[in-house]
Amino acid sequence: MQLFKTLFVSLALLTTTAAIAHEGSHDQPDLTMVMNKDLGDIPGKEVIMLTVNYKPGEVETPHKHEAHCFVYVLEGNIVMAVKGGKEIALSPGQSFYEGPQDIHTVGRNASKTKPAKFVVLLLKDKNKPPVMPVD
């Protein structure tokens, strides 16, 4: 049952993320599900942890998570921003936070020649998709 649930969530995550268009390279970022865990002591909540690999020059279009979203850069350099905030350049060992009401307006690889890799931890409602496009 847990394997089925993990596969279902992975498929939902990849399908939802694939719906977000990318302006830089027209490929989707490579996503790897690391963990999906129901939080028994916080009813209706779950944590999803994944790694994201940006290809050189990759740029995401605006989207939202409706989750507490924690980003930790492992390799390369990325640029992140939420609506109303300033762009923040991040390198390995640095982090970024998005709140449940934030719209992620900037997400891109700062390099046109080197890939970037980061970990994303989402604390979210179990019935909401991890990534949603914005109108």
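Begin by selecting strand E5 (residues 78-82) together with strand E8 (residues 103-109), which pair in the antiparallel sense over 5 bridges. Within this pairing, pick out Val82, whose bridge partner in E8 is His104. What you have on screen is a predicted model, and the confidence of each region is taken up at the end of the tour.

**The open sheet**

Widen the selection to the sheet to which these two strands belong, an open sheet of 5 strands in the order E6-E5-E8-E3-E10, with antiparallel pairing. Strand E6 (88-90) and strand E10 (132-133) stand at its edges, and because each has a single partner strand, one side of each is left without a neighbour in the sheet. Strands of a sheet pair through backbone hydrogen bonds, either parallel or antiparallel.

**The whole chain**

Zoom out now and colour by secondary structure: the protein has 1 helix and 10 strands, and from the N terminus on the elements run α-β-β-β-β-β-β-β-β-β-β. Of the 135 residues, 38% count as buried, and the accessible surface of the protein comes to about 7,600 Å², of which 60% belongs to carbon and sulfur atoms. Among contacts with a separation of 6 or more, 67% are accounted for by residues 24 or more positions apart.

**Strands E4 and E7**

Select E4 and E7 next, which run antiparallel and are joined by 4 bridges; Tyr72 has Ser95 as its bridge partner in E7. Show the side chains along strand E7 (residues 95-98) and follow how they alternate, with Phe96 and Glu98 pointing to one face and buried, while Ser95 and Tyr97 point to the other and are not.

**Two aromatic pairs**

Which rings should be displayed for the edge-to-face pair? The count of aromatic pairs comes to 2. The edge-to-face pair is formed by Tyr54 and Phe118, whose ring centres are 5.0 Å apart and whose planes stand at 75 degrees, a value over the 60 that this class requires. Tyr54 lies in strand E2 (residues 45-54) and Phe118 in strand E9 (residues 116-125), so the pair ties together parts that are 64 residues apart in sequence. Both Tyr54 and Phe118 are buried.

For the other pair, display Phe70 and Tyr97, whose ring centres are 5.2 Å apart and whose planes are at 50 degrees, so the pair is tilted. Because Phe70 lies in strand E4 and Tyr97 in strand E7, this pair ties together parts that are 27 residues apart in sequence. Phe70 is partly exposed, with a relative accessible area of 40%, and Tyr97 also counts as partly exposed, at 39% relative accessibility.

**The nonpolar core**

Keep Tyr54 and Phe118 selected and add Val52, Val71, Ile78, Met80 and Val120, since these are the residues with the most contacts inside the largest nonpolar core, which has 18 residues. E2, E4, E5 and E9 each supply at least two residues of this core. In soluble globular proteins, nonpolar side chains tend to be buried together. Centre the view on Val52 and, leaving aside its neighbours within four places in sequence, look for its contacts with Pro29, Asp30, Leu31, Ala116, Lys117, Phe118 and Val120.

**Two loop residues**

Move to Glu66, in the loop between strand E3 (63-64) and strand E4 (67-75). The phi of Glu66 is near 45 degrees, a positive value in a residue other than glycine. Most residues other than glycine have a negative phi, and most peptide bonds are trans. Is the side of the chain at Glu66 buried, exposed or partly exposed? At 24% relative accessibility, Glu66 counts as partly exposed.

Then select Pro130, which lies in the loop between E9 and E10 and, at 5% relative accessibility, counts as buried. The C-alpha atoms of Pro130 and Lys64 are separated by 8.5 Å, although the two residues are 66 residues apart along the chain.

**Where to read with care**

Finish by colouring the model by pLDDT, which has a mean of 84 for the protein, with 79% of the residues reaching 70 or more. Confidence is highest in E6, at 98, and lowest in helix H1 (residues 2-18), at a mean of 42. Over residues 1-26 the pLDDT stays under 50, and for this stretch the model has 39 contacts beyond four places in sequence. Where pLDDT is low, the predicted coordinates should not be read in detail.

Note on methods
Residues numbered from 1 in each chain as written. Predicted model: local features only at pLDDT ≥ 70, side-chain atom pairs only at ≥ 80, totals over all residues. Heavy atoms only, no water. Pairing = 2+ DSSP bridges. Buried < 20%, exposed > 50% of the residue type's maximum accessible area, 1.4 Å probe, protein only. Contact = heavy atoms within 4.5 Å. Areas by Shrake-Rupley, 256 points an atom, 1.4 Å probe, with all protein chains shown as cover. Phe/Tyr/Trp six-rings, centres within 6.5 Å; stacked < 30°, edge-to-face > 60°. pLDDT = per-residue confidence, 0-100. Core = buried A, V, L, I, M, F, W, Y, C linked by side-chain atoms within 4.5 Å.
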